[in-house]
Amino acid sequence: MAIFSDTGTNRGMPVLLILVMVAWGANIPAIKALTGVLDVMWLAALRMLVATLVLTLGLWLRDRRLPRLSLAKWGYLGGTSFLIIYLNQVMFTHGMGLTTATSASLVMALIPPLSVAAGALLMRERVHQRAMLGIALGFAGVTLVVVMAPGAQLGITGLGEVLLVLGLLAFVGGGLLIQRVAQDIDVLVVGWSTYGMGSLMLLAHAMLDGGWVQARAALDTPMVWGYLMYSGVVGTALANLAWYFAIGRIGQSRASPFLYLLPIFGVLSSALMLGEPLGWWHLVGLVLVIAGTRLGTAPRIAPL
């Protein structure tokens, strides 16, 4: 039994992708709210464990068995998982604890231009000047948000954004590895294995750090369970499954422009869910980031 049918048309793809961006955007303030009551490492571990359980259920419903992979592929996927899940989540959750969800939403919009830069450095792709301008605009937008944040000095304000960018670099690096391994392994299997191994890494880290007493006390609160279930099930597992399905049907190039909506829904969700104030710098930064991502991901790349 397949989770998604291969029949039908692609007319519903725009709606599906917009819903994915809404889910991802709302996931940012949900995680921010959880950082106030949960230890950040336990938060990352629990979110990834929930996502892994959902992906495991999805694989079982589709294939009626769990995948069998060679030791070499498990090793490759383990390295991928270290980057795209473990290191990314360590940086992301710590960064979220030190900044606002609104600023984090804008930082997330740097994924496309960072991918372009990584492709140029590691995959030897020639990046057009227009793309370089887009990357510069994106970083300018994030810099504006960091500098204009209330009370921004040379201290801890701004460290959160730096950690988020480092987390994005780990995410992009892991994505490059996934591009290679996904040629031989089903993308849902790749997602399940990387999330599974990454959640175990995060769980081991959380156990070494301690903090379970605080986490256990926080889990007695229904609000925490609500945010955790949303983040793990909807904002991570189901949204990623829908994203994988969409790019499998219409391709990465046709699906990626919808990523421009992520900072918009993230900023709006942060204002609605957390009551975070919006300043003029958020609007200007948002415009710069969106303009930068559009330029930075323009399809004008030629191989050397």
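User: What makes the reach of helix H12 close to the expected one?

Analyst: Helix H12, residues 262–274, has 13 residues and reaches 17 Å from its first C-alpha to its last, close to the 18 Å expected at 1.5 Å a residue; the expected span is 1.5 Å times one less than the number of residues. Helices here are DSSP runs (H or I, at least four residues), numbered from the N terminus. This is a predicted model, in which local features need pLDDT of at least 70, side-chain atom pairs count only at pLDDT 80 or more, and totals for chains, interfaces and linings use all residues. Residues are numbered from 1 along each chain as its sequence is written, and side-chain values use heavy atoms, with hydrogens and water left out.

User: Which residues of H12 are buried, and how do you know on which side they are?

Analyst: The buried residues in H12 are Leu 262, Pro 263, Gly 266, Val 267, Ser 269 and Ser 270. They cover an arc of only 165 degrees around the axis, so they are on the same side of H12; the arc is that of the directions from the helix axis to the C-beta atoms.

User: Why is Gln 89 called buried or exposed?

Analyst: Gln 89, found in helix H3 (residues 71–96), has a relative accessibility of 7% and therefore counts as buried, a term that means under 20% relative accessible area, with exposed over 50% and partly exposed in between (1.4 Å probe, protein chains only).

User: Why is Leu 169 given its exposure class?

Analyst: Leu 169, in helix H7 (residues 159–181), has a relative accessible area of 44% and is therefore partly exposed.

Notes
Helices (H or I, at least four residues) and strands (E, at least two) are DSSP runs, numbered from the N terminus.
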